[in-house]
Amino acid sequence: MNDIDFNEITERIKSGGRLTDEEALALCDIADEELPLLWKAAEEVTSTFIGRRFDSCSIVNARSGRCPEDCKWCAQSAHYSTGAGVYPLIDRERCMAAGRRSRNHGIGRFSLVTSGRAMSGQELEKACGHIEALHSEGGQKLCASMGLLGREEMRRLREAGVTRYHCNLETAPSYFPTLCSTHTLEQKLATIEAARSEGLEICSGGIIGMGESRRQRVELALTLRRIDPVSVPINILCPIPGTPLQDSAPLTEDEIVTTVALFRLIHPRITLRFAGGRAALSREAQLRAMRAGINGAITGDMLTTTGSTVESDRQLAADAGLEF
């Protein structure tokens, strides 16, 4: 890839321009010895557009297990035997306690995440009651991740106090059908459009390390650019015993940093967020990823896998020169 001018690309993005789709895909093919140039470009773009603030959010696994979808990475799918917890929507007090604990740690956002294809009917109304109670206490912005909803459900969430809806695309359009057959990427995009049409911000990202190629990771980043989220969580696959991806080989730390760098060049201004699976990274790799573009995290436990503690993330942000 001798025709890639990293300095020109960096200066163009820093001046308000953008990486073209063709350039982004071409960067997938650079030689290993050129990777430091890519990381440096992403570091410069990060330094230009991202302030010192490290954006934090936390989640509560508000309904777990028995999901009818067959997503191959997921412990909560009813198609696989994983030993993941199974319970209906949590009660008000448990939800409030999780929200207060998050708020007391100084975490800026709190989200209810539920298993299943979609929340609806009385369960959605009950969840909205939880959200209204959290909203009445103030002190945090509220998010929701409740599956493939339509405009009516999104409107009800917004009325309850939700300001941002989370719906991961998970992987590239060209790869998604190999990982899930019970719903489509188009249905996810329709959900995102429903949320946006009701005035909600969009949080959408994916999982890397599920057997996709580097080009497919860039394909995901470019697809996300078209839907214009304000927050993009990057999950690193944590292979769950009992799922079809249980024997997936892990990505190298260099490949994870490269993915972060590519995402940052494609998305210069958004919150690029550490999510599930990062606990397996060395501290040095986490700091490298932050220099290359990570400026936020979902902190605490991640649904069925354990994340990093608030205290460790606070120290990590400080070590990277960021303010938690």
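Buried, as used in these exercises, means a relative accessible area under 20%, while exposed means over 50%. The structure is a predicted model, and the residues are numbered from 1 along the chain.

**Exercise 1. The buried side of H1**

Task: Find which residues of helix H1 are buried, and work out how they are placed around the axis and what they pack against.

Solution. Begin with the helix itself, which spans residues 6-14 and whose buried residues are Phe-6, Ile-9, Thr-10 and Ile-13. Because these residues cover an arc of only 100 degrees around the axis, they lie on the same side of H1. Next, ask what this set of buried residues packs against: the partners are helix H2 (21-27), H3 and helix H10 (253-266). Finally, examine the two ends of the helix. At the start of H1, a side-chain oxygen of Asp-5 comes to within 3.2 Å of the backbone nitrogen of Asn-7, and after H1 comes Gly-16, which has a positive phi near 105 degrees.

**Exercise 2. The meeting of H3 and H11**

Task: Describe the geometry of the contact between helices H3 and H11, and classify the residues that take part in it.

Solution. The geometry comes first: the axes of H3 (residues 35-49) and H11 (residues 283-292) approach within 7 Å and cross at roughly 60 degrees. The second step is to list the residues, with Trp-39, Ala-42, Glu-43 and Thr-46 on the H3 side meeting Arg-288, Met-290, Arg-291 and Ala-292 on the H11 side. Sorting the residues of this contact by character then gives four nonpolar, one polar and three charged.

**Exercise 3. From Asp-55 to Thr-271**

Task: Determine whether Asp-55 and Thr-271 are buried or exposed, and trace the contacts of each residue.

Solution. Asp-55 belongs to strand S1 (residues 55-63), and with a relative accessible area of 10% it is buried. The side chain of Asp-55 forms a polar contact of 2.6 Å with the side chain of Arg-273. When neighbours within four places in sequence are set aside, the contacts of Asp-55 are Thr-271, Arg-273, Asn-295, Gly-296 and Ala-297. The path thus leads to Thr-271, a residue of strand S8 (residues 271-274), which has a relative accessible area of 16% and is therefore buried. With the neighbours within four places in sequence again left out, Thr-271 is in contact with Asp-55, Val-230, Ser-231, Val-232, Asn-295 and Gly-296. As a distance check elsewhere in the chain, the C-alpha atoms of Thr-271 and Ala-75, which are 196 residues apart in sequence, are separated by 27 Å.

**Exercise 4. Two residues with positive phi**

Task: Locate Arg-66 and Glu-170, give the phi of each, and decide which is buried and which is exposed.

Solution. Some background is useful: most residues other than glycine have a negative phi. Arg-66, in the loop between S1 and helix H4 (92-104), has a positive phi near 55 degrees. Its relative accessibility is 59%, so Arg-66 counts as exposed. Glu-170, in the loop between strand S4 (162-166) and helix H7 (176-179), likewise is not a glycine and has a positive phi of about 80 degrees. For Glu-170, however, the relative accessible area is 10%, and this residue is therefore buried.

**Exercise 5. The surroundings of Thr-223**

Task: State where Thr-223 lies, and find what its side chain reaches.

Solution. Thr-223 is part of helix H9 (residues 214-227) and is buried, given its relative accessible area of 7%. The side chain of Thr-223 reaches the backbone oxygen of Glu-219 at a distance of 2.8 Å. Apart from residues up to four places away in sequence, Thr-223 touches Leu-169 and Pro-173. The C-alpha atoms of Thr-223 and Ile-270 lie 15 Å apart, with their positions 47 residues apart along the chain.

**Exercise 6. The whole chain**

Task: Compare the radius of gyration of the protein with that of a compact globule, and characterise its overall make-up.

Solution. For 324 residues, a compact globule would have a radius of gyration near 20 Å, and the protein, at 19 Å, therefore agrees with this value. Along the principal axes, the C-alpha atoms fill a box of roughly 60 × 40 × 35 Å. The protein contains 12 helices and nine strands, and 56% of its 324 residues count as buried. Among contacts between residues at least 6 apart in sequence, 76% join residues at least 24 apart.

Terms used:
This is a predicted model: local features need pLDDT of at least 70, side-chain atom pairs count only at pLDDT 80 or more; totals for chains, interfaces and linings use all residues. Side-chain values use heavy atoms; hydrogens and water are left out. Helices (H or I, at least four residues) and strands (E, at least two) are DSSP runs, numbered from the N terminus. Buried means under 20% relative accessible area, exposed over 50%, partly exposed in between (1.4 Å probe, protein chains only). A polar contact is a pair of N or O atoms within 3.5 Å; within protein, one must be able to donate a hydrogen and the other to accept it, and residues adjacent in sequence count only if both atoms are side-chain atoms. Contact means heavy atoms within 4.5 Å. Axes are lines fitted to C-alpha atoms, for helices over the stretch in contact, and angles run from 0 to 180 degrees between N-to-C directions. Ala, Val, Leu, Ile, Met, Phe, Trp, Tyr, Cys and Pro count as nonpolar, Asp, Glu, Lys and Arg as charged, and the others, Gly among them, as polar. The arc is that of the directions from the helix axis to the C-beta atoms. The radius of gyration is taken over C-alpha atoms; the globule rule is 2.2 Å times the number of residues to the power 0.38.
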